[in-house]
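Trainee: Please pick one part of this model and go through it closely. I would like to follow a single residue outward to whatever surrounds it.

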Amino acid sequence: MDPDLSHMDYRTRRLLNGALLVVFLGIVATVAVVALVSRPKGVSFTIVFKDARGLGLGAPVTLKGVKVGEVTRVEFMKHTNYVEVDVVIEPKQAAHVPDARWLSARIRRSWILPGNQQVALIIQRGAQGQIAEGARVAGVESLAGELVFLGTGRARDAYKKGMEKAGEK
């Protein structure tokens, strides 16, 4: 034992140890809070669908079969008769999601497990840029809609224009 501390009684040593423990726990808590606050946030944007029946909060958002985010809000908009689905993309995956002009989405439903839906992001060939925070994306309702979106020409442009008008109402 340290000669300077030998004259301290048991109670004083116990108080000193308690104070050191409180200081240590305070430092650990501060480091934990700073780490959580400084953690990079993902990118959030809204997808507009005609129908999102059965899609729930926390449903996965996938890109080429890989989970890149999750659904954070599903709300029917009475004034437009469309459903707005907010999603957040994980920070590490955000760079892989292009600008909204090159992006659409479709709700994929499981035939085996009812209620097991996911939002699949669809990217056109030649896509550029990166999705912006708060962007709005027109969703498609079926495989046929997905094929039209991926195709070229007037059909795709007309479909996108119609979905954009619906999202603005």
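Mentor: One term is needed at the start: contact means heavy atoms within 4.5 Å. Everything below refers to a predicted model.

The residue to follow is Ile 47, which lies in strand E1. Leaving aside residues up to four places away in sequence, Ile 47 touches Val 83, Glu 84, Val 85, Val 87, Ala 105, Val 119, Leu 121, Val 137 and Gly 139. Its relative accessibility is 0%. Buried means under 20% relative accessible area, so Ile 47 counts as buried. The strand around it is also mostly covered: of the seven residues of E1, six are buried.

E1 covers residues 43–49 and belongs to a closed barrel of seven strands with mixed pairing. The order of strands in that barrel is E1-E4-E3-E2-E6-E5-E7. On average, neighbouring strands of this sheet are turned by 35° against each other, with direction ignored.

Take the two pairings of E1 in turn. With strand E4, residues 82–89, E1 runs antiparallel, and seven bridges join the two. One residue of E1 with a partner there is Val 48, whose bridge partner in E4 is Glu 84. Glu 84 is also among the residues that Ile 47 touches.

With E7, E1 runs parallel, and three bridges join them. Here Ile 47 stands opposite Val 137, and Val 48 stands opposite Ala 138. Val 48 therefore has a partner named on either strand: Glu 84 in E4 and Ala 138 in E7. As for side chains, a general rule applies: in a regular strand they alternate between the two faces of the sheet.

E7 itself spans residues 136–140. It is mostly covered, with four of its five residues buried. Besides E1, E7 pairs with strand E5, residues 103–109; these two run parallel and are joined by two bridges. Ala 105 stands opposite Gly 139, and Arg 106 stands opposite Val 140. Both Ala 105 and Gly 139 are also in the list of residues touched by Ile 47. Val 140 is not far to seek in space either: its C-alpha is 9.6 Å from that of Ile 47, although 93 residues separate them in sequence.

For a second buried residue, look at Thr 62 in strand E2, residues 60–63. Its relative accessibility is 7%, so Thr 62 counts as buried too. Not counting residues up to four places away in sequence, Thr 62 touches Lys 67, Val 68, Gln 118, Val 119, Ala 120 and Leu 121. Val 119 and Leu 121 also appear among the contacts of Ile 47.

A surface feature serves as contrast. Leu 21 is placed in helix H1, residues 10–37, and at 49% relative accessibility it counts as partly exposed. Together with Phe 24, Leu 25 and Val 28, Leu 21 forms a nonpolar patch on the surface with about 390 Å² of accessible area in total.

Technical notes. Residues are numbered from 1 along each chain as its sequence is written. This is a predicted model: local features need pLDDT of at least 70, side-chain atom pairs count only at pLDDT 80 or more; totals for chains, interfaces and linings use all residues. Side-chain values use heavy atoms; hydrogens and water are left out. Patches are made of residues with over 30% relative accessible area and no salt bridge: like charges are joined within 9 Å, nonpolar side chains (Val, Leu, Ile, Met, Phe, Trp, Tyr) within 5 Å. Accessible areas come from the Shrake-Rupley method with a 1.4 Å probe; for residues, only the protein chains shown count as cover. A salt bridge is a side-chain nitrogen of Lys or Arg within 4 Å of a carboxyl oxygen of Asp or Glu. Buried means under 20% relative accessible area, exposed over 50%, partly exposed in between (1.4 Å probe, protein chains only). Two strands pair if DSSP finds at least two bridges between them. Axes are lines fitted to C-alpha atoms, for helices over the stretch in contact, and angles run from 0 to 180 degrees between N-to-C directions.
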